[in-house]
Amino acid sequence: MVKYYCIFIWALFCFVLDGAAQDDINFTASVNKNNIAVDQRIQLTFELNSRGSRFRAPDLGSEFKVYSGPNQSTSMAYVNGQLSQSMSFSYVLQPRKTGKLTIKPATIQVDGETYQSNPITITVTKAGAQAGGKAQPKKSAQTDNIFIAASVNKKSAYQGEQLFATYKLYTAYPVRGSDRQKLPDLTGFYSSNIEFEQNRPHVEVVNGKRYDVYDLRKYVLFAQRSGELTVDAIEFDLTIQVKDDEPIETFFGPRYRMIDKKITLKSKPITVNIKPLPKPQPASFSGAVGKFDFSASLDRSEVETNESVTLNYKISGAGNINLIDHPTHTLPVEFEVYDPKINTSKNQKSKVLTGTKTWEYLMIPRTPGEYEIEVPAFSYFDPAKEQYVESSPVKKFPLTVTGEPMGTEAGVSAQKREVQQLDSDIRFIKTDAHTLKRQGDSPFKNVFMWLFYVVPGVASVALILVFRRRKELRADVKAYRRHKATKVAAKSLSKAKQLLKEDNKNAFYEEIYRAINDYLSNKLTISRSNLTLDHVSSELKSKNVDEEVFNNVKEIIETCEMARFAPIPPTAGTELLQKAEDVIKKIESAVK
C-alpha cells in the first residue's frame, strides 16, 4: 500500500511540475568572457528555464580544447505558488587559435519540441597581447564587465509625441552602492520620471555574456521642438567588488580576495530626430499629440441671475496630457466667468503615459435671457496615423436665465445716492456738541494721526532694508546659497515626509537623497559636479564639524543609493528622515 502511495505522490509531483512549466521556453548560451588570449580559458554555459531532454552540444573540439564538460546541474524553485525547474550544461574551454571563433547553437527537446540556443562569437588574441600594459587590460575588462546602457523606444518621432527612455546598469561584478549620480538634463524635452519597483536584478545575455541588470532611471519624454535632440548621458560613481591583483598564498595554493573598488560609469548619449507637426493645423487643434477623448457638460440648463452654473471640460487618453489645453471658447459677455479649476491625474507606471485632465469654469449670469453655451470642436494629432483626428464636434448647450437683471439693482442704488445728495443744503441741529473740536487745534496731538503717518514710514524703511539685504545676498552667490540652504532642505524633507506617509518608498528615498545633496551643495558652496563624499568630508573638517556628522551623511546617502538595488526594511524610512533632520541641524549650528 505504501509503495502505491509513493508512486501516486511521485506521479502527482511530475504532473504539477509539468503544469507549472513556463509558457515561454528560453534556451540560452553564454560565456564569462568574450575577449580572451589564446592561452586563457573560458566557461561556456547552456541554460534552459524548463525541464528538457536529448541535449546536443555543438562541435567544440575543432576550435577549442575541452578541459571539462558537459557538467549538468538542475534546480527547482517554488515561487508565488508555482513550481519551476531549470537545468544547465557547462564547459571549460581554451581556444586553439586566434581570431574570431564562433560557438554554434546547441539543441534540446522540451515536450517533444526542439529548441536551439543562440550562437556566440569569441575574439581571441595572441598570448600576452593583453599584457602589454597592466592598466589597459583592467580598463578593458571593466568596460566589458560593467557598463550603463541608455535606450529609447524610437529614434524618430513627431514634436509632442511620447518617447520612452531607459537607463540600465549591466554588471558582472557585485555592486556595493553608489556614491554620486549625475542625472540627464534632457534639454528640449518635457520629461516625467516613471516610478518603478526596485526589485532584484534580472539576468540578460549580451553578446553571449551574462549580466545582472538593474533599472536605474525611466523617463517619459515629449519633444518641445523639432530637429535633432539629444537624450543626454547619465553618470554614476559606483563601488563594486573585484578580485585583488595580489593573490594570498594558502596551504591549498594562491587565493584571491575580493576588494571594494570605486569606478565612474557614463552612458552614451542618443540622438533623436524630431519631426514638426504637419501643416495646416485645424483650428480645433490645441496641442494634443497622442490619442484622446474629449467631453463637455453643463451642470444645469436653467438658472436665475446671480446664481452660479458650472461648465466642465474633460480630456482623457494617452499622450502629452500634461501639456494640452481645451479648445478656445467664447462665453456670453453677460456672464461673469472665473478662472478654471484644473485637475490632472496620470498613470505613468508603464511605457505609455495615460491620464485625465479636467477644467471647471464657474459662471454667474447677470442678465436674464435664452443663451447657448457653444463648445468648439476638439482635435488631436495621432502619430500612428500621422494625421489630425477630430475627437468631438461643436456642441451647444441651451441655458435659460431668469430673474431680475443686475442693472436694476444698480439703478436703485443710484436713486438712493441722488436722494441723499438733495438734503445736503438743509442740516439738522447736532446735539452731541462734546464731539466738536476747537478750530486751529493741531491734528498731530492725536495719537492716531501719529500712527497713521509713522507706521507706514517705518514699514517702508523695513522693506527697503529687507530688499537691500536680498540684493546683497544675490550679488554674493555663495552667501545667497548658504542663506537659502536650510529653507530648500526643509521643503524637500517636508515633501519626503508626505511621500513616506503615502508609502511611496522610491520617491521618498529620492527626495531624501536630493535634500541632503542640495543642502550640502548650497551650505558648503560646492558645485554639484564636484559634490563627492571626499570633498564634503574635507569641507566639514575645515569647518570643525564632528566626524560623526559626516559619517551620518555618508550613511544617509548610501542608504538612499542601496534602495535602488535592494529592498530596505519598512522602519528604515522614519529613522532615515529623522537622521537627515538631525544632520542638517548639527551642520547649521556648526557652520555659520
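## A buried lysine in strand E29

Lys 357 is buried, with a relative accessible area of 9% (buried means under 20% relative accessible area, exposed over 50%, partly exposed in between, with a 1.4 Å probe and protein chains only). That value comes from a predicted model, in which local features need pLDDT of at least 70, side-chain atom pairs count only at pLDDT 80 or more, and totals for chains, interfaces and linings use all residues. Residues are numbered from 1 along each chain as its sequence is written, and side-chain values use heavy atoms, with hydrogens and water left out.

Where does Lys 357 sit? Its place is in strand E29, residues 354–365 (helices, H or I with at least four residues, and strands, E with at least two, are DSSP runs numbered from the N terminus). A polar atom of the Lys 357 side chain lies 3.0 Å from the backbone oxygen of Ile 324 (a polar contact is a pair of N or O atoms within 3.5 Å; within protein, one must be able to donate a hydrogen and the other to accept it, and residues adjacent in sequence count only if both atoms are side-chain atoms). Leaving aside residues up to four places away in sequence, Lys 357 touches Tyr 313, Lys 314, Ile 315, Ile 321, Asn 322, Ile 324, Ile 342, Asn 343 and Thr 344 (contact means heavy atoms within 4.5 Å).

## Aromatic pairs

Tyr 313, one of those neighbours of Lys 357, also has a ring partner. The rings of Phe 294 and Tyr 313 have their centres 5.7 Å apart and their planes at 35°, so this pair is tilted (rings of Phe, Tyr and Trp, the latter by its six-membered ring, pair if their centres lie within 6.5 Å; planes under 30 degrees apart count as stacked, over 60 as edge-to-face and the rest as tilted). Phe 294 belongs to strand E24 (residues 285–298) and Tyr 313 to strand E26 (residues 309–319), so the pair ties together parts that are 19 residues apart in sequence. Both residues count as buried, Phe 294 at 7% relative accessibility and Tyr 313 at 1%.

In total, the structure holds 19 aromatic pairs. Another of them is Phe 46 with Phe 55, again tilted, at 5.7 Å centre to centre and 55° between the planes. Phe 46 is buried, with a relative accessible area of 0%. These two phenylalanines also belong to one aromatic cluster, made up of Phe 27, Phe 46, Phe 55, Phe 89 and Tyr 91. Elsewhere, a charge meets a ring: Lys 275 lies over the face of Tyr 158, at 4.3 Å from the ring centre (a charge sits over a ring if NZ of Lys or CZ of Arg is within 6 Å of the ring centre and within 35 degrees of the ring normal).

## Two open three-stranded sheets

One open sheet has three strands in the order E4-E8-E9, with antiparallel pairing (two strands pair if DSSP finds at least two bridges between them). Strands E4 (53–56) and E9 (113–116) stand at the edges with a single partner strand each, so one side of each is left without a neighbour in the sheet. The twist averages 25° from one strand to the next (axes are lines fitted to C-alpha atoms, for helices over the stretch in contact, and angles run from 0 to 180 degrees between N-to-C directions). E4 and strand E8 (residues 107–110) run antiparallel and are joined by two bridges; Arg 56 stands opposite Thr 107 in E8.

The other open sheet described here also has three strands, in the order E25-E33-E30, but its pairing is mixed. Here strands E25 (302–304) and E30 (369–375) are the edges, each with a single partner strand, so one side of each lacks a neighbour in the sheet. The twist averages 30° from one strand to the next. E25 runs parallel to strand E33 (residues 395–402), and three bridges join them. Glu 304 has Thr 402 as its bridge partner in E33.

## Strand E13 and its partners

Why is strand E13 (residues 162–171) described as largely enclosed by the rest of the structure? Nine of its 10 residues are buried, so E13 earns that description. Strand E11 (residues 146–152) runs antiparallel to E13, joined by seven bridges, and Ala 150 stands opposite Tyr 167 in E13. E13 is also joined to strand E17 (residues 209–223) by 10 bridges, again antiparallel. In E17, Tyr 219 is the bridge partner of Ala 165.

## Gly 177 in strand E14

Gly 177 has its place in strand E14, residues 175–182, and is buried at a relative accessible area of 10%. Apart from residues up to four places away in sequence, Gly 177 touches Asp 237, Leu 238, Thr 239 and Met 562. Gly 177 and Lys 262 are 85 residues apart in sequence and 9.6 Å apart in space, C-alpha to C-alpha.
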